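Please walk me through this structure. I am new to the model and would like a plain account of how its parts fit together.

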Amino acid sequence: MTTPQLTKNQSLVFDVLEKAEGPLSAYTILDKLRDHGFRAPLQVYRALEKLLEYGVVHRLESINSFVACAHPGDDCHSHGIVAFAICESCGQVMEFHDHEVDHRLMAWVRGQKFKPEKTTIEIRGLCEACAA
């Protein structure tokens, strides 16, 4: 999938996430973009909705925050389930994909005749630096 041309608001939201050192909530994004004319959370949420659809941004469910995709040039949706390791101490987020995990989960889903609509894998703990 080729990422469509982003609107001004989508580009601004994506740039904030891309430059962020960790995940950001929608309200933090709004605060960072007030000087660019953003006034309402709905402006941020609309942009995030499209960026999620395009696969260039991910939502971290457990902390209700967003991160830019670690590999936006690839089609995030085509390489299966994306997982995240989230450091409880420093907030670092590592995005990863493992084909073996993907295949095992999909085999289970097929075996259960379950129709998944959304899959989120988040591992919370301490990164190497914080664990030391």
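**Strand 3 and its neighbours**

In strand 4, the residue that forms a bridge with F84 is E95. This pairing, like everything described here, comes from a predicted model. Another pair along the same two strands is A83, which stands opposite F96 in strand 4. In total, 4 bridges join strand 3, residues 83-87, to strand 4, and the two run antiparallel. Strand 3 and strand 4 form a hairpin with 5 residues between them. In that turn, G91 has a positive phi of about 85°.

Strand 3 also pairs with strand 5, here in the parallel sense and over 5 bridges. One of the pairs is C87 with its bridge partner G125 in strand 5. Strands of a sheet pair through backbone hydrogen bonds, in either the parallel or the antiparallel sense. The 3 strands form an open sheet in the order 4-3-5, with mixed pairing. Its edges are strand 4 (93-96) and strand 5 (121-125), each of which pairs on one side only. Neighbouring strands of this sheet are turned by 20° against each other on average, direction ignored.

How many residues of strand 3 are buried? The count is 5 of its 5 residues, so strand 3 is mostly covered. Both faces are covered: A83, A85 and C87 are buried on one side, and F84 and I86 are buried on the other.

**The cysteines**

C87 leads from the sheet to a group of cysteines. An unreviewed UniProt entry lists C87, C90, C127 and C130 under "binding site". These residues span 44 residues in sequence, yet no two of their C-alpha atoms are more than 8.1 Å apart, so they gather at one spot.

Two members of the group can be followed in more detail. C87 has its place in strand 3, and it counts as buried because its relative accessibility is 4%. Leaving out residues up to four places away in sequence, C87 touches Q92, G125, L126, C127 and C130. C127 lies in the loop between strand 5 and helix 5 (128-131). With a relative accessibility of 7%, C127 also counts as buried. Its contacts, again leaving out residues up to four places away in sequence, are C87, C90, Q92 and M94.

Why does C127 not form a disulfide with C130? The closest cysteine sulfur to that of C127 is the one in C130, and at 3.7 Å it is too far for a bond, because a disulfide requires the sulfur atoms to be within 2.5 Å. By this rule the model has 0 disulfides. Outside the group listed in the UniProt entry, C69 counts as buried too, because its relative accessibility is 6%.

**Helix 1**

Towards the start of the chain is helix 1, residues 8-19. Helix 1 has 12 residues and reaches 17 Å from its first C-alpha to its last, close to the 16 Å expected at 1.5 Å a residue. Which residues of helix 1 are buried? They are Q10, L12, V13, F14, V16 and L17. An α-helix has 3.6 residues a turn, so residues three or four places apart point the same way. The cover over the buried residues of helix 1 includes helix 2 (26-32) and helix 3 (41-54), together with strand 1 (57-60) and strand 2 (65-68).

Conventions:
Residues are numbered from 1 along each chain as its sequence is written. This is a predicted model: local features need pLDDT of at least 70, side-chain atom pairs count only at pLDDT 80 or more; totals for chains, interfaces and linings use all residues. Side-chain values use heavy atoms; hydrogens and water are left out. Buried means under 20% relative accessible area, exposed over 50%, partly exposed in between (1.4 Å probe, protein chains only). Two strands pair if DSSP finds at least two bridges between them. Axes are lines fitted to C-alpha atoms, for helices over the stretch in contact, and angles run from 0 to 180 degrees between N-to-C directions. The expected span of a helix is 1.5 Å times one less than its number of residues. Contact means heavy atoms within 4.5 Å. UniProt positions are given in the numbering used here, feature names are shortened, and annotations may be inferred rather than shown by experiment.
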